[in-house]
2 protein chains.
Amino acid sequence: MNNQGRTAGLPTLEDVARQAGVSTATVSRCLNNPAQVTEATRARVMEAVEKLRYTPNFGARALAARRTNTYGAVIPTMENAIFARGVQAFQDALASIDSTLLVASSNYEASVEESQIRNLVARGADGLLLIGADRDPAIYDFLAERGIPVVLAWAIGNQPGVSFVGFDNEAASRKLAEKALKLGHRRIAYISAQSIHNDRARARVEGVRAAMKAAGLDPQSLRLVETHYSIKRGKAAFHTLMEGEDRPTLVMCGNDVLAVGAVMAAREMGIDVPGDVSVTGFDDIEIATVVSPPITTVHVPHRKMGNLAAQALLRQTLEGKPPETICLETEIAERASLGPVG
Amino acid sequence: MNNQGRTAGLPTLEDVARQAGVSTATVSRCLNNPAQVTEATRARVMEAVEKLRYTPNFGARALAARRTNTYGAVIPTMENAIFARGVQAFQDALASIDSTLLVASSNYEASVEESQIRNLVARGADGLLLIGADRDPAIYDFLAERGIPVVLAWAIGNQPGVSFVGFDNEAASRKLAEKALKLGHRRIAYISAQSIHNDRARARVEGVRAAMKAAGLDPQSLRLVETHYSIKRGKAAFHTLMEGEDRPTLVMCGNDVLAVGAVMAAREMGIDVPGDVSVTGFDDIEIATVVSPPITTVHVPHRKMGNLAAQALLRQTLEGKPPETICLETEIAERASLGPVG
DNA sequence: TTGTAAGCGTTATCAC
DNA sequence: GTGATAACGCTTACAA
């Protein structure tokens, strides 16, 4: 029913203080600022803590200290590995300074994301990790108003007042497209995530268009399909693209999950990859190497990004430093799904 | 630096009360027990809440109400999809009653799990979701002492005082082994997770041994390799098993991640699956269908399990009901990786 | 170095 | 139905 009330007779600071024969202030210091206390009294206090199995009450602590040592992250999805590694690294970095991460997922829905953000703020998050920059400006106002530091990852942008730790989605996508164009591909299709509220998705498409333009192709000739991120949707989109006349020789995908769907669909349809059609992904998550042929994709340094995002956020919350922008390099992971045009 | 302090001038209950011309008590009632308040005053209060963009302070609330509406989950890993779907379902169920889930991962390490549990408790978790039953009894004492309801998922056991929402790992594994034995397999190997502190892993191995025994085989002839759960480790284990003389005709795996590793290793080694050797998994996560051949595995109803686990936990925390045990059915997902013995 | 005591922002128990 | 007011358990000036 409740957990920390006296109903269960949980020990409080006062109990510990009494047991150790000191004041509550001293006990508090032992726990938060051991340096301020003599070795002897600290030993005595710690003994009491052990004996009583004392655990500090989070609510009381947050209330008094006006700080929770809790951070929040809202990611689009937990169901595939896209964000898992990065968030794990972020969490590890926080854990190393005894802070906790609350993770929520928005299912790629703006309204859900907004309520998750409010929720995390209400729960006293000291700082927030969000993905991408594309959201209602009111949200940034809300956060700025309460002085909550924010780091935006997986992208680079120019939202004032927040940190960015990400990479250049457009450039990465362009580089991959250029490689494909050099292999002779001209009829190109792209399976993208819904681009609304998704700056990463849009930038990736734009990168391809830029490469096409630079190669003298009409960027508007890019055949674009937008869908949700899932293997199933990737399959369906690939079907759609391959059913018509004038099949593309290259199907680029907004992420590896879609690309895996595309490759699986190709196999089901008896289409050879990369013989009949090449496929590319984005992210370089494990599944990209599991499917056959393995997928040529953009390698994103997820771990590093998560770790650096945490560092950047902590510099803001703990040291009061201003927001900063860190742009990471990506590289192309060359595998078998991309080959020269038929 | 801090987020809810007056530094940012955040509105408090008192501000709202003043604005609406009522007492703080009335504002509190409007928020928590609207029925106790007249329609008229409530309207006035809500208006003030809107105007001030008031958000209740979590710490203060937790302190006064002795309840956080926050639940905790400690799962072995977030890096693959094994627990993702179940936890997502658990979280969805909590979200529907405005409660929040804090997720932590232990990396399959008992000591890490213990500290995560303490951490969640310290943060005021009203209840806990843990995986499996195999842990230091002192942890259960600790939890019972503070009256924190616990639900154990992914397994069934007999730990008193806690709920179980899971399935019979041994029976599921046995059923799969029986099916394989019927196909003529006699030289069997098993790639398992570390079995220490992992009742699910042990039960799955035992299920296979039971099937062997029932089929007149010596259970001790099962070639067992224990390793960490990862594709890489699965590959390595498969290599080890296949390098020696007297290769097995069937390699069963403790989960799909290991099985994917096994199938990939087979391909690399030029070993045909299931022609030369059959492979099975456990869990039925998406990756099992991505690899080729797709993996025959035990389908676990993750979503359902997560949802029912939440229900069971809420019955304890909200309604004060006693712990309960719910055993779900699993079934075999038949795919191409298991075939008759060569 | 240690103690005293004033908050921190809610909820809940009384009266009215 | 509403308003005072006493907790809730901790942190942190300020004193000693």
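This is a short talk on a predicted model of two protein chains, A and B, with a DNA strand, C.

Okay, let's start with how chain A is put together. Chain A splits into three domains: domain 1 covers 3-56, domain 2 takes in 69-167 plus 302-330, and domain 3 runs over 169-299. If you scroll along the sequence, you'll notice that domain 2 comes in two pieces, 69-167 and 302-330, with the 169-299 stretch of domain 3 sitting between them in the numbering. How far apart are the centres of domain 1 and domain 2 of chain A? Going by C-alpha atoms, those centres are separated by 34 Å.

Next up, how the two chains relate. Take chain B, turn it by 180°, shift it 0.2 Å along the axis, and it lands on chain A with an RMSD of 0.2 Å. So the two copies are related as by a two-fold rotation axis. If you want to find that axis from the chain B side, go to G59(B): its C-alpha is the nearest one in chain B, at 2.0 Å. And the contact surface? Of the interface residues of chain B, 100% are interface residues in chain A as well, so the copies meet through the same surface.

Now the DNA. DNA strand C has 28 residues around it, and the closest are T26(A), R29(A), T38(A), T41(A) and S28(B). Which part of the strand does the protein come up against? Of the atoms of DNA strand C that come within 4 Å of the protein, sugar and phosphate make up 66%.

Let me point out some phosphate contacts, and please click along. On chain A, a polar backbone atom of S23(A) sits 3.1 Å from a phosphate oxygen of strand C. On chain B, S28(B) uses its side chain, with an N or O atom 2.5 Å from a phosphate oxygen. N57(B) uses a polar backbone atom instead, and there the distance to a phosphate oxygen is 3.3 Å.

Which helices build this surface? From chain A we have α2 (24-32) and α4 (58-65), and from chain B α2 (24-32) and α4, each supplying at least two residues. The top contributor is α4(B), with 5 residues. As for chemistry, the surface near strand C is made of 13 nonpolar, 10 polar and 5 charged residues.

Right, some backbone oddities. There is a cis peptide bond between V273(A) and P274(A), with omega about 5°. You'll find P274(A) in the loop that links α11 (256-269) to β9 (278-280) of chain A. Over in chain B, S292(B) and P293(B) are also joined by a cis peptide bond, with omega about 0°. That P293(B) is in the loop between α12 (287-290) and β10 (297-299) of chain B.

Then there are two non-glycine residues with positive phi. D283(A) has phi at about 125°, and this residue lies in the loop between β9 and α12 (287-290) of chain A. Is D283(A) buried or exposed? Its relative accessibility is 2%, so D283(A) counts as buried. The other one is R66(B), with phi of about 55°, in the loop from α4 (58-65) to β1 (70-75) of chain B. R66(B) has a relative accessible area of 30%, so we call it partly exposed.

While we're in the loops, look at G270(A), in the loop between α11 and β9 of chain A. G270(A) is exposed, at 61% relative accessibility. Compare the position of T317(A): 47 residues away from G270(A) in sequence, and 55 Å away in space, C-alpha to C-alpha.

Last stop, two residues of chain B. H185(B) is in the loop between α8 and β6 (188-193), and with 1% relative accessibility H185(B) counts as buried. What does its side chain hold on to? There's a polar contact to the side chain of T249(B) at 2.7 Å, and another to the side chain of S278(B) at 3.4 Å. Leaving out sequence neighbours within four places, the residues touching H185(B) include L250(B), L338(B), G339(B), P340(B) and V341(B).

S173(B) is in helix α8 (residues 169-182), and S173(B) is buried too, at 2% relative accessible area. Beyond four places in sequence, S173(B) is in contact with Y190(B), R204(B), G207(B), V208(B), M252(B) and F282(B).

That's my tour, thanks.

Notes. Residues numbered from 1 in each chain as written. Chains lettered and ligands numbered in written order. Predicted model: local features only at pLDDT ≥ 70, side-chain atom pairs only at ≥ 80, totals over all residues. Heavy atoms only, no water. Domains from an automatic or database assignment. Helix = DSSP H or I, 4+ residues; strand = E, 2+ residues; numbered from the N terminus. Buried < 20%, exposed > 50% of the residue type's maximum accessible area, 1.4 Å probe, protein only. Near = heavy atom within 4 Å. Polar contact = N/O pair within 3.5 Å; in protein donor to acceptor, adjacent residues only side chain to side chain. Nonpolar A, V, L, I, M, F, W, Y, C, P; charged D, E, K, R; others polar. Least-squares fit on C-alpha atoms with pLDDT ≥ 70 in both. Contact = heavy atoms within 4.5 Å.
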